[in-house]
Amino acid sequence: LADACAAEGRNFNDLTINLMRAGDASGKLETVLMQAADLLDRDLKLRRSVLAATLYPMILAGLISIAVIVIVTVIVPKVVKNIGTSAMGSLPWPTRVVQGVADFFGGYWWLILPALAAAVYGAGWLYRQPGFRLRFDRALLKAPLLGRVMRDVAVARFTRTLGTLVTAGIPAVGALRVTKGTLGNKAMEQVIEEVCEKVSSGQTIAEPMERSGYFPPMLVQIVNLGERSGRLDQLLNQAAGAFEDRTETSVKLFMTALPPMLVVVLAGVVGFVVMAILLPLLQMQEKIG
């Protein structure tokens with residue numbers, strides 16, 4: 001069954017195929033398939049919760065960008081076009097900045113879409129480069145709010161997936177290599193690769209995990225206790241629920257905190273534009289007075 005599913009290609013990932021192979025070898029295919037179904041269901045729910053958390057801020061950011069573009073390109077030129085500089089000297093620098101942006105959008109609007117498409121393509125190409133992706137993911141884990149969400153999501157996937165694979169009878173090194181592909185972060189994947197090398201040379205799983213600093217101390221202690229007691233699968237499966245609850249809390253915190261931050265950014269941009277409009281008017285009033 002595992003070989004037949006592997007021949008289908010992308011419809012079955014490495015995780016599912018390895019679980020099927022373990023079920024074939026152990027004669028417990030029914031039990032292993034139930035474990036795989038539960039794991040995939042939990043992973044899907046986790047992905048949906050993360051998507052739900054990021055969708056609203058993305059929509060809000062898009063609306064903010066549209067509002068700023070409309071203000072700068074439509075409203076500002078109509079307000080400042082009749083303001084002359086001969087009677088009051090040069091315009092204030094906020095007004096010059098906003099007017100320069102408005103002139104750029106008005107004169108080179110046809111360049112915006114090609115430039116945006118080129119920027120998206122270039123960012124995608126750069127993101128696919130291993131060296132840049134590793135540095136980017138390391139920086140992402142250090143971000144104040146988003147880093148915690150990314151780390152909690154990866155830890156929850158790691159705990160649940162590794163516990164399921166070890167329960168199915170897959171050796172520790174093979175289970176770690178399969179679990180590595182579910183983390184979604186190259187920095188944490190590099191740590192798991194180092195863990196595989198250390199385990200292959202006779203060391204424990206917990207030591208390199210602790211040195212990396214990416215995994216919470218609670219998980220390191222659970223792995224350490226599981227290795228010493230021979231109950232790694234049981235302890236990981238028991239701890240997976242706690243880490244999934246922690247992930248859900250982090251996602252809710254992210255979803256609660258990010259929209260007000262975006263509103264503050266919008267208020268700052270709009271305040272700058274209003275200042276750019278009012279400053280020359282105030283200067284003209286002083287000249288006339």
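Select Y56 to begin: this residue is partly exposed, with a relative accessible area of 46%. The model on display is predicted. Y56 belongs to helix α3. For a sense of distance, add M275 to the selection: 219 residues separate Y56 from M275 in sequence, and their C-alpha atoms lie 29 Å apart in space.

**Along helix α3**

Remain on helix α3, which covers residues 29-80, and select T54. T54 is partly exposed because its relative accessible area of 22% is not under the 20% required of a buried residue. A line drawn from the C-alpha of T54 to that of V178 covers 27 Å, for a sequence separation of 124 residues. V178 will return later in the tour, in helix α8.

Next, select M34, also in helix α3. Is M34 buried or exposed? Its relative accessibility is 59%, so it counts as exposed, the cut-off being over 50%. Between the C-alpha atoms of M34 and E227 the distance is 25 Å, and the two residues are 193 places apart along the chain.

**From the loop into helix α4**

Move to the loop between α3 and α4 and select P92. At a relative accessibility of 9%, P92 counts as buried. Which residues touch P92, once neighbours within four places in sequence are left aside? Display L279, P280 and Q283, which are in contact with P92. M275 may be added again here: its C-alpha is 9.6 Å from that of P92, although these positions lie 183 residues apart along the chain.

Then select T95, in helix α4 (residues 93-107). T95 is buried, at a relative accessible area of 2%. Where does the side chain of T95 reach? Show the backbone of A276: the side chain of T95 comes to 2.5 Å from the backbone oxygen of that residue.

**Helix α7 and its partner α8**

Select residues 146-167, helix α7, together with residues 172-180, helix α8. The two helices pack at an angle of about 145°, and their axes are 9 Å apart. Their crossing is right-handed. To see the contact itself, show the side chains of F158, T161, L162, L165 and V166 in α7, and of A175, L176, V178 and T179 in α8. Sorted by class, this contact comprises 7 nonpolar and 2 polar residues, with no charged ones.

Now colour α7 alone by accessibility. Of its 22 residues, 17 are buried, so the helix is largely enclosed by the rest of the structure. Its length may be checked as well: at 1.5 Å a residue α7 should span 32 Å, and its end C-alpha atoms are 32 Å apart, which agrees. Just beyond the end of α7, select G169, where phi is positive, at about 95°.

**Helix α9**

Continue to helix α9, residues 186-200. Its 15 residues reach 21 Å from the first C-alpha to the last, close to the 21 Å expected at 1.5 Å a residue. What caps the N-terminal end of α9? Select N185: a side-chain oxygen of this residue lies 3.0 Å from the backbone nitrogen of A187.

Within α9, highlight A187, M188, E189, V191, I192, V195, C196 and V199, which are buried. Then display their surroundings: the elements covering these residues include α6 (130-141), α7, α8 and α10 (206-212). Past the end of α9, select G202, where phi is again positive. Its value at G202 is about 100°.

**Helix α12**

For the final stop, select E244 in helix α12, which runs over residues 232-288. Is E244 buried or exposed? The residue is buried: its relative accessible area is 19%, and buried means under 20%. Display R42, A156 and R160, which E244 touches when residues up to four places away in sequence are not counted.

Technical notes: Residues numbered from 1 in each chain as written. Predicted model: local features only at pLDDT ≥ 70, side-chain atom pairs only at ≥ 80, totals over all residues. Heavy atoms only, no water. Helix = DSSP H or I, 4+ residues; strand = E, 2+ residues; numbered from the N terminus. Buried < 20%, exposed > 50% of the residue type's maximum accessible area, 1.4 Å probe, protein only. Contact = heavy atoms within 4.5 Å. Axes fitted to C-alpha atoms, helices over the stretch in contact; angles between N-to-C directions. Left-handed = near helix turned anticlockwise from the far one by under 90°. Nonpolar A, V, L, I, M, F, W, Y, C, P; charged D, E, K, R; others polar. Expected span 1.5 Å × (residues − 1). Polar contact = N/O pair within 3.5 Å; in protein donor to acceptor, adjacent residues only side chain to side chain.
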